Amino acid sequence: MSDKTMTRQVLLFISVLSLSSVHGQVSYSISEEMAKGSLIGNIAQDLGLDVKRLKSGRARIHTGDSAEYIELNKERGVLLIKERIDREALCGQTTPCALHSQIILENPMELFQITIEITDINDNAPSFKKNEKRFEISESAVIGSKFVLEKAGDADMGLNGLQSYSLKPTDNFALKLENQVDGSKKVEMVLQKPLDREKQEQISLVLTAVDGGEPQLSGTVQIHVTVLDVNDNAPVFTQPVYKASITENSPKGTYLTTVSASDADKGSNGEVSYSISNNMDSVSDIFHIHANGEVILVGKVDFEKAKHYQIDIEAIDNGGLSDSSKVIVDVIDINDNAPVISVLSKSSSIPEDAIQNTVVAMFNVHDPDSDSNGQVHCGINENIPFTIKSTSNGFYSLVTDSDLDRERASEYNVSVTCSDEGVPSLSSSVTLTLQISDVNDNAPVFERSSYEAYIIENNTPGLSIFTVKARDADWNQNARVSYILEDSSVNGVPVSSYVSVSADSGVIHAVRSFDYEQIKDFQFRVKAQDGGSPPLSSNVTVKIMIQDQNDNAPQVLYPVQTSSSLVAEMVPRSADVGYLVTKVVAVDVDSGQNAWLSYKLQKATDRALFEVGLQNGEIRTIRQVNDKDSVKQRLIVVVEDNGQPSRSATVNVNVAVADSFPEVLSEFTDFTHDTEYNDNLTFYLVLALAVVSFLFIVSIIAIMSVKCYRWRRERMFYKSNGNLPVIPYYPPLYADVGGTGTLRHVYNYEVCGTADSRKSEMKYVRPYSQSIISLDGTQTLPSAQRDKLINDDNQQKPPNADWRFTQGQRPGPSGAGGPPEMAMGTGPWPNPPTEAEQLQALMAAANEVSEATATLGPGTMGLSTRYSPQFTLQHVPDYRQNVYIPGSTATLTSNPQQQQQQQMLMQQQMAAQHQALQAQPSEASAQPEPPKAAQTPASKKKSTKKEKK
């Protein structure tokens, strides 16, 4: 750029090629020897590219194997001189001289051809190989004799090259220039004046070679002429041009041709010697001429470097006369160069979801041979999803031609092989390693479609149950599986309160301690999610089954054990062998063999009297009861399950061996009981008090209603002037609430008796009050326990399907069979009593109870009525009247004569009552109940007590 004499011409043209990867070509023309950093041209503007595109595409220049003389400034988008360019060193005598390079862009890949023509400047002066030239010329040399001078060499070309010669002085010799076919000039010194050795033996001349550059440069050589005597004939070649051919890479010593020159002189003056006069090139290093004129090869001939050689031959005789000729050597090409593969660009990795025809690599193939030896075809190995496409002359692209799948092949080694068409064919190959980058296209897959696991109850929280495992065929982050517990609920409770899942390992831990009795199994879903974007997931169902453990001891349902009262079972002294005393009922909330219960008699007052059924818990007599047996019998029964280790519970069973209540009462009065209550008992007592208060209010309302109803009936009776028997009327399930008796608690009874009920026996049925009378008279059983005693026979259920009790095995009235009389209908009342019979029996029984209870003091004993046929209260030993107890399976009978008298009396009373009903007015006859007659003195007394209360 600083040389004013040099001009720079920029030739720009852009060719849009038909192939997709080469987008254009730019040509520049610059002068050689430009300074480093000099501007060549604005490549971005010339190619129509944005500077940002050069940066984003990581633009770079590819120059092949040649030296890098130019560089690309991405910031400015210009081409700059990187190293000084010497056209002569780069191209020699080749014209035009040009640099061929390519600009490569990525993302997407693009290729642009750049041709930079190097123009010559006059930087080389003409020069001669030798500084001086000596001639020996005979004085007899005729005018016009020619003497070949050394040609000057100028590395420059064109006007800057060699233009002319000048010879000084010109006294004896003149300079003759002759143009040759190759463009060079043949320089000869012609004798124009005869020589006279006697006048001048030595002649000195200066040959000057001048070029045409600006400024003009020149070179000189000194010519020294020695004038000899006599030799007046110069050698003459047989032909001016000789032709020869040689194949490249021929061995040294290969014969080319023979040249011949003749001299008319005789003797030493006729002897001719040959020499190669090429001084400025390497011809003399490649070829050699013998003295006999044979031209042979002494160097290496390469067709790719030079296709033709011109050898200048000089023939000189001993007198110094010479002639010149030339040998044209044609170099024949052979296939000695394999194709050269240069990878221009290659993707380090390819995503597996890349579309077809995605360019993954670009490369250039060059074969310096000619013709068919330089024709190249490229191919790749088979069974890979890639193919090669030719983009331009010598440039190829490697593209995808089918779908990629990293899970099938994560890496491809693509062998690119390029072969020429020579004989034999030469080839070269390069292996491209292409990594397939992963795309999250595979969801995690569990090893099973569902999981089942078992865990024993009462486990430690945090215990590892088992592990779920899922695998992802992807790689790295896309294959990193995390486990997530999906939100769900088990019995209304979030599943996260039962189990947890380790996000990394998939280990399922128990969050709580499980109880088989509360939950036997549950299921939830675990989701496996990979770390891709977006993440993919799958889920699996996990079922946890709790295994039972023998962690619950048997629970005794009957008999009920309380700390405040004592319940006893009564056995009559007339009981036979196998008499069912009671039945111990227990359950175990465990399952399987852990709930199999067995009953054993651990301790008894008289072991010879009772036994316990191993499987059913029935307590029966094993011998006849006699009078020597103690009234008070205490049995301790152990209930044991079949678990490992087994658990057990004990129950105390009090048995009274007696026929009457006073006998039992005298024996059990020495029992003492603890009067302390725990917190639960207090709660039940408060609850019982509230229930009793509510029932009391309801009872008051009911009594008021009944009194009003009786008053209305009584008024109607007086108006009717009836003569009915004076029998007080008590509705069913209603009892006198008078407080004159000694019993502290009010009892309701359903009683049927005969007309002569003062001589009958009284039998307790279930009390309808809130409590059972305690033995010591100060404690009562809570209402809840009393209800449990009453309802056990109807609500008793086994803990599971393995345990069932038949109707005959259940305790209480449901498990006891009735007497034969009841079953056959031959008892005193084969059919249920009529309403009139119930009224008469109720009146008689109530009067007897009122009188009998007056003799009982505090501490009255309450007996369990689970087996009502066995509990008999004898208030007065003289009473032997029949009593029918509803709800019971037994009837106390008397002698047949008394039964007949009672039946006759009852029929008479019913007849009289029927006549009274017929005599009533029509409005009173619609009532089904018998009317209440005038009160007796006893009934008036009770009514007075009721009103006071």
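**Salt bridges, cores and a sheet in a predicted model**

Let me begin with charge pairs: the structure holds 17 salt bridges, and I should say at once that what we are looking at is a predicted model. As general background, side chains of opposite charge can pair when their charged atoms come close.

One of these pairs joins Asp-120 and Arg-87, whose side chains meet with 3.4 Å from N to O, and both of these residues are buried. Arg-87 belongs to helix α3, residues 87-91, while Asp-120 sits in the loop between β7 and β8, so this salt bridge ties together parts that are 33 residues apart in sequence.

A second pair is formed by Asp-405 and Arg-408, at 3.8 Å from N to O; here Asp-405 is partly exposed, with a relative accessible area of 23%, and Arg-408 is exposed, with 60%. Then there is Arg-623 with Asp-629, where the closest N and O atoms are 2.7 Å apart, and Asp-629 counts as buried because its relative accessibility is 8%, which is under the 20% limit. Beyond single pairs, Arg-58, Arg-60 and Glu-106 are joined into one network by salt bridges that share partners.

Let me turn to the nonpolar side chains. The largest nonpolar core has 29 residues, and among those with the most contacts inside it are Val-499, Ile-508, Phe-522 and Val-542. Several strands each supply at least two residues of this core, including β33 (450-456), β41 (521-530) and β42 (537-547). What does Val-542 touch, if we leave aside residues up to four places away in sequence? The list includes Tyr-451, Phe-466, Ile-508, Phe-522 and Phe-524. Apart from this core lies another, of 27 residues, with Val-26, Met-34, Tyr-69 and Ile-116 among them.

Next comes a sheet, an open one of 4 strands in the order β8-β14-β13-β10, with mixed pairing. At its edges stand β8 (132-138) and β10 (162-168), each with a single partner strand, so one side of each is left without a neighbour in the sheet. From one strand to the next, the twist averages 25°. The pairing of β8 with β14, residues 218-228, runs in the parallel sense over 7 bridges, and Lys-133 stands opposite Ile-223 in β14.

Finally, a word of caution about confidence. The mean pLDDT of the protein is 75, with 70% of its residues reaching 70 or more, but over residues 1-22 the pLDDT is below 50, although this stretch has 52 contacts in the model beyond near neighbours in sequence. Residues 671-677 also stay under 50. Where pLDDT is low, the predicted coordinates should not be read in detail.

Methods. Residues are numbered from 1 along each chain as its sequence is written. This is a predicted model: local features need pLDDT of at least 70, side-chain atom pairs count only at pLDDT 80 or more; totals for chains, interfaces and linings use all residues. Side-chain values use heavy atoms; hydrogens and water are left out. A nonpolar core is a set of buried Ala, Val, Leu, Ile, Met, Phe, Trp, Tyr and Cys residues joined through side-chain atoms within 4.5 Å. Buried means under 20% relative accessible area, exposed over 50%, partly exposed in between (1.4 Å probe, protein chains only). Contact means heavy atoms within 4.5 Å. pLDDT is the predictor's confidence in each residue, from 0 to 100. Two strands pair if DSSP finds at least two bridges between them. Axes are lines fitted to C-alpha atoms, for helices over the stretch in contact, and angles run from 0 to 180 degrees between N-to-C directions. A salt bridge is a side-chain nitrogen of Lys or Arg within 4 Å of a carboxyl oxygen of Asp or Glu.
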